[in-house]
Number of protein chains: 2
Amino acid sequence: MVHFVSLQPSFLRRPSPDDQGDGDALRFCSTCAFGRACLGDGYDKRALEDLHCLVEHTSPMHAGEEVFRCGQPFNAIYAVRAGMVKTRRIDEQGREQVLGFFLPGELVGLNGLYSSRYPCDAVALDTVTLCRFAFSALSVMATRLPAIQQTLLQLMSKDIVNAALLAGDYSADERLAAFLVNLSDRFAERGYSPTRLYLMMSRSDIANYLRLAPETVSRVLRRFQDEALIAVEKREVTLIALERLQHLARCVLQS
Amino acid sequence: MVHFVSLQPSFLRRPSPDDQGDGDALRFCSTCAFGRACLGDGYDKRALEDLHCLVEHTSPMHAGEEVFRCGQPFNAIYAVRAGMVKTRRIDEQGREQVLGFFLPGELVGLNGLYSSRYPCDAVALDTVTLCRFAFSALSVMATRLPAIQQTLLQLMSKDIVNAALLAGDYSADERLAAFLVNLSDRFAERGYSPTRLYLMMSRSDIANYLRLAPETVSRVLRRFQDEALIAVEKREVTLIALERLQHLARCVLQS
DNA sequence: TTGGTTACCTGATCTGGATCAAGTCGCCGC
DNA sequence: GCGGCGACTTGATCCAGATCAGGTAACCAA
């Protein structure tokens, strides 16, 4: 089993004094998508042990390495423990399409279930460690632990809703604001700062994800900065006027 | 229980001589997303009866009536028996966003699971009858019948993949071609003609769904017709050069 | 040091599809 | 018949964002 060693910049680490080694496991699991289940919040002890047996901690992957590749048989889903992962598809013309970014605590690979092959690549954006859940075992477990089934179904349902949001026809400003607000929410959910975001991904990844040109992302970020909505320092973005950003993003995020 | 009475144009009816009354039930179920389960292809007899008890056939809804509304508590999913349903969201500005169209045999409402409220409206596009599955009962069943759990998870996974496809940045031509090819595939899957499609929805619904202007849909359809890809007669579209359409759509549909 | 590479920014120009503005056509009620 | 209405089409114009074309700055290797 691989121990959890944070290689993140300090502002990406959760604000706790001792997050080295396995003493961190519990703290990590409490922010993971499967957290409730792994921690056993009122679940069947017996089945819970199985879940813990089923989880496999992977050794760290380096930036650019692939967690799984498009077309590979789907046999596991992954929870990000540390680092950031992006998913992407390469289309017929060889053009890349970024599908999503995954923060610590989030689950990657659920979309592979349908065709029992992964429909996309998952790539580490920096040094990444993962929890691997063999799907066959997981789905057996889900029939025994209804809470796990519920969690799985809910997570997928959430992905459907999110995907639909991105598909709307919104302006570059709306998209970028929504991107920042959404990241902020997700960072906050996992215990990180909601206003100081480190964008592990390149500008072109962001652009690609938002279906914009990289130049447009640059320009809009600059304008947001000029309008004192954010402060940009390379890949570190500070959200200054979160309210106004949320207002810009309100149509996209429907909140 | 409401009997299945087809009010569809003849080319939307499956090519069987006697599709009136409940003699049709089996034939219908064989094309439904839950078909395998409802028909009991090798499943536990006992549990199967429960599934049949759980299904509720709704009385016909007329064009414009809502199956469920955005914000209502999520407590059921629906399989379309006859007619066509669209889902849509109305954003802050009051603009409509069409999320999807559902043919007979397809399931509507799975995206409500995440927040336990429906995140969109579902509207009948013509006269529609449905099978209603109370979700609470269904998820209990899913823990007993792994095949049902599997089906649910797969259907959601498919929706995620599809949503991601629509979100890509494609040209109007690619989008419309993909729309037609996808409809053709889905009609074929359910036993209808893959080349003669009746578009129950208005041009503006199509445009909205594809994130285009209605004028653009008109123009592209016209051009496709001029190029002998399709023949358009009001809302009836005949696919003449399916191959070429598939080629146009290949990036979107990744096939 | 230089030269190459990668990421990013910024200005100038171009264009696909949106928007605006008339149309036509079929349908329903009177 | 006629008028009104909604769905659709078609043409003219416009514009947000793509594309093209240089930039700069940081970093690494030789």
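# Briefing: DNA contact surface, chain interface and chain B packing

By class, five nonpolar, five polar and six charged residues make up the surface near DNA strand C. The model is predicted. Chain A and chain B also touch each other, with 36 residues of chain A in contact with 36 residues of chain B. The points below cover the DNA surface, the interface between the chains, and the strands and helices of chain B.

**Surface near DNA strand C**

- DNA strand C is surrounded by 16 residues.
- The closest of these are A:Ser202 and A:Ser218 from chain A, and B:Ser171, B:Ala213 and B:Thr216 from chain B.
- Two or more residues each come from α7 (203-210) and α8 (214-226) of chain A and from α8 (214-226) of chain B.
- α8(A) gives the largest share of this surface, five residues.

**Interface between chains A and B**

- On the side of chain A that touches chain B, at least two residues each are supplied by β5 (96-102), α4 (135-144), α5 (146-167) and α9 (242-253) of chain A.
- The largest share of that side, 16 residues, is contributed by α5(A).
- By class, the side of chain A that touches chain B has 17 nonpolar, eleven polar and eight charged residues.

**Four-stranded sheet of chain B**

- β2, β7, β4 and β5 of chain B form an open sheet in the order β2-β7-β4-β5, with antiparallel pairing.
- β2 (66-68) and β5 (96-102) of chain B each have a single partner strand and stand at the edges, so one side of each has no neighbour in the sheet.
- From one strand to the next, the twist averages 30°.
- β2(B) pairs with strand β7 (residues 121-124) of chain B in the antiparallel sense over two bridges, and B:Phe68 stands opposite B:Ala122 in β7(B).
- Helix α7 (residues 203-210) of chain B packs on this sheet, where it touches β4 (85-90) and β5 of chain B.
- The direction of helix α7 of chain B makes about 100° with that of β5(B).

**Strand β11 of chain B and its partners**

- What partners does β11(B) pair with in the antiparallel sense? One is strand β9 (residues 196-198) of chain B, over three bridges; another is strand β10 (residues 230-233) of chain B, over four bridges.
- On the β9 side, B:Arg196 has B:Thr238 in β11(B) as its bridge partner.
- On the β10 side, B:Val232 stands opposite B:Val237 in β11(B).
- β10(B) and β11(B) form a hairpin with two residues between them, and B:Lys234 in the turn has a positive phi of about 55°.
- In a regular strand, side chains alternate between the two faces of the sheet.
- Strand β11 (residues 236-239) of chain B shows such alternation: B:Val237 and B:Leu239 point to one face and are buried, whereas B:Glu236 and B:Thr238 point to the other face and are not buried.

**Packing of helices α6 and α9 in chain B**

- Helix α6 (residues 172-189) and helix α9 (residues 242-253) of chain B pack with their axes 8 Å apart, at an angle of about 110°.
- α6(B) and α9(B) are therefore roughly perpendicular to each other, as angles of 65 to 115 degrees count as such.
- Residues of α6(B) in this contact include B:Ala177, B:Ala178, B:Leu180 and B:Val181, and those of α9(B) include B:Leu245, B:Leu248, B:Ala249 and B:Val252.
- Among the charged members on the α6(B) side are B:Asp173, B:Glu174 and B:Arg175.
- The contact of α6(B) with α9(B) has eleven nonpolar, three polar and three charged residues by class.

Notes: Residues numbered from 1 in each chain as written. Chains lettered and ligands numbered in written order. Predicted model: local features only at pLDDT ≥ 70, side-chain atom pairs only at ≥ 80, totals over all residues. Axes fitted to C-alpha atoms, helices over the stretch in contact; angles between N-to-C directions. Parallel < 35°, antiparallel > 145°, perpendicular 65-115°, else oblique. Contact = placed C-beta atoms within 7 Å. Near = placed C-beta within 6 Å. Buried ≥ 20, exposed ≤ 12 C-beta atoms within 10 Å, placed from the backbone. Pairing = 2+ DSSP bridges.
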